[in-house]
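Reader: I should be grateful for a close examination of a single part of this model, chosen by you. Please then place that part in the context of the whole chain.

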Amino acid sequence: MESTQLFTLALGLQAPWSVADIRFEQEAGEIHFDVVCGEPRLPCPVCGRAAQPVHDRKERTWQHLHFFQYRAYLHAKVPRVACGACGKTSQVTVPWARPGSGFSLLFEALVVALARHLPVRQVGKLLGVNEARLWRPLKAIVDAAREQESFADASHIGVDEKHVGRLGFISVFHDAKDPRVLFTAEGRKAEVFERFEEDLKAHGGAAEHIEAISMDLSKTYQAGARKTFPQAQMCFDPFHLVKLGSAALEQVRRAEVRYEPDLKGLRWATLKRPEKWTFEQFQDMEWLRKSGLETARAWRLKERLRDIVRLARAEHPAEPLFKKWISWARRCRLGPFKKVAATFRDHLPGIVATFVLNRSNAAAESINAAIQVAVVRARGFRTLSHLQTIIYLIAGKLTHLPAHPYIRPVGTPG
Ligand SMILES: [Zn+2]
């Protein structure tokens with residue numbers, strides 16, 4: 001077999017396309033394939049009429065998967081067909097690339113597969129391509145995959161704000177039953193709910209099907225949810241409840257540190273779970289517990305809150321537990337906790353509903369972890385659209401992405 005034939009097969013080319021020439025550029029570490037289409041007549045790419053004359057040919061180049069250590073490029077003079085039926089002159093689409101792309105489909109599939117696990121900059125380095133050139137195909141493929149996703153089953157959703165460095169805040173909507181990111185929007189104002197609703201509809205979902213929305217206790221989210229999803233039960237993630245307790249504790253400690261310098265090094269020990277204390281932290285906390293300081297009282301309130309969340313998740317009725325905590329916090333003579341108590345009292349139905357509808361926090365936690373990865377990688381992104389592409393890629397559970405070109409699922413031919 002001639003080497004041109006061999007590479008025609010290796011590249012998966014089919015008639016009328018074949019490899020006519022192969023050029024090694026040893027020093028540059030490159031291999032170039034000249035691909036030709038011998039047919040003088042081809043079907044019209046617009047109307048499909050068979051055997052129309054080729055008008056002219058235009059030279060184009062695509063980067064392809066490496067051959068061993070060699071960067072590989074396909075070159076072809078792509079025919080334009082002058083159609084006698086529809087009267088249009090148009091370029092035929094090549095079977096190995098998306099229209100307009102400078103990469104082969106398999107190369108793009110590799111970019112997508114690698115970008116799920118590596119920063120895009122690193123993917124570019126690995127493949128010998130400037131990062132800037134990878135974003136356009138990446139976004140196009142992720143957007144196309146996302147377009148095919150159905151949100152028709154979404155009934156319990158969660159929304160969370162994320163700070164993403166100099167890009168500011170984004171709002172991330174996820175499906176709480178089938179943990180995946182559904183939608184991301186710039187900002188954290190009430191109107192992000194309207195934008196989500198539009199996107200939900202575009203994916204076969206409906207506002208009326210949304211039964212519950214989990215969120216933090218921010219007023220803008222509550223306003224947005226009430227307006228756009230008036231029938232949905234608002235729920236407040238236990239994670240955010242405990243966070244309010246931790247923030248109140250930190251306020252108390254920081255105020256008291258001025259009179260009690262020994263509290264200075266206690267920040268992490270007070271916030272950490274006791275089972276994770278080091279021996280030194282254990283000793284410090286023994287001292288704190290016996291000290292009678294306000295910080296000790298604040299720590300007990302915060303820990304009790306964690307207990308309550310754990311108990312309520314384990315099917316203890318949440319309402320009496322929270323009512324008892326609220327009444328303790330109101331009488332504790334610690335300003336920040338009185339405030340938390342008032343907030344909880346005002347949101348009690350939503351807090352209680354949280355434990356009835358969704359005892360597990362697993363969805364929110366797994367989404368959070370994935371977003372965190374994307375946000376870390378987003379450092380240095382100049383546009384939000386890059387970050388959104390990465391979030392959908394790693395946390396969108398997209399089922400229509402191209403398969404990894406080197407890994408085939410077990411049992412598939414080829
Ligand atoms: Zn035509």
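Author: A helix is here a DSSP run of H or I of at least four residues, and helices are numbered from the N terminus. The model is a predicted one. The part I have chosen is helix H5, which comprises residues 192-202.

H5 is best described by its two sides. Its buried residues are Val192, Phe193, Phe196, Glu197 and Leu200. They share one side of the helix, because the arc that they cover around the axis is only 140 degrees. Glu198, Lys201 and Ala202 are on the other side of H5 and are exposed. A residue counts as buried when 20 or more other C-beta atoms lie within 10 Å of its own, and as exposed when there are 12 or fewer.

What do the buried residues of H5 pack against? Their partners are two strands and a helix: strand S8 (169-175), strand S9 (180-186) and helix H6 (219-228). After H5 comes glycine 204, which has a positive phi, near 80 degrees.

Positive phi values also occur at residues that are not glycine. One of them is phenylalanine 68, with a phi of about 50 degrees. Phenylalanine 68 belongs to the loop between S4 and strand S5 (70-82). This residue counts as exposed because 7 C-beta neighbours are found inside 10 Å. Glutamate 315 is another non-glycine residue with a positive phi, in this case about 75 degrees. The loop that holds glutamate 315 runs between helix H10 (294-313) and helix H11 (318-330). Glutamate 315 has 10 other C-beta atoms within 10 Å, so this residue is exposed.

A further backbone feature concerns a peptide bond. The bond from alanine 15 to proline 16 is cis, and its omega is near 5 degrees. Proline 16 is located in the loop between helix H1 (3-10) and strand S1 (17-25).

Strand S4 (residues 52-67) contains lysine 58. Lysine 58 is exposed, because 10 other C-beta atoms are within 10 Å. Beyond the residues up to four places away in sequence, lysine 58 touches Lys77, Val78, Arg80 and Gln91. Arginine 80 is 22 residues from lysine 58 along the chain, and their C-alpha atoms are separated by 7.7 Å.

The chain as a whole may now be considered. Its secondary structure amounts to 15 helices and 11 strands. The radius of gyration is 29 Å, well over the 22 Å given by the globule rule for 414 residues, so the chain is more spread out than a compact globule. The C-alpha trace spans about 90 × 50 × 40 Å along its principal axes. Buried residues make up 35% of the 414. Among contacts with a separation of 6 or more, 55% join residues 24 or more positions apart.

The interior remains to be described. The largest nonpolar core has 100 residues, and those touching the most other members are Val111, Leu138, Ile157, Ile213, Ala298, Phe337 and Ile391. This core lies between domain 1 (3-144) and domain 2 (238-357), because both give residues to it. With neighbours within four places in sequence left aside, alanine 298 is in contact with Ala248, Leu249, Val252, Arg253, Leu334 and Phe337.

Definitions and conventions:
Residues are numbered from 1 along each chain as its sequence is written. This is a predicted model: local features need pLDDT of at least 70, side-chain atom pairs count only at pLDDT 80 or more; totals for chains, interfaces and linings use all residues. The arc is that of the directions from the helix axis to the C-beta atoms. Two residues are in contact if their C-beta atoms, placed from the backbone, lie within 7 Å. The radius of gyration is taken over C-alpha atoms; the globule rule is 2.2 Å times the number of residues to the power 0.38. A nonpolar core is a set of buried Ala, Val, Leu, Ile, Met, Phe, Trp, Tyr and Cys residues joined through C-beta atoms within 7 Å. Domain bounds come from an automatic or database domain assignment.
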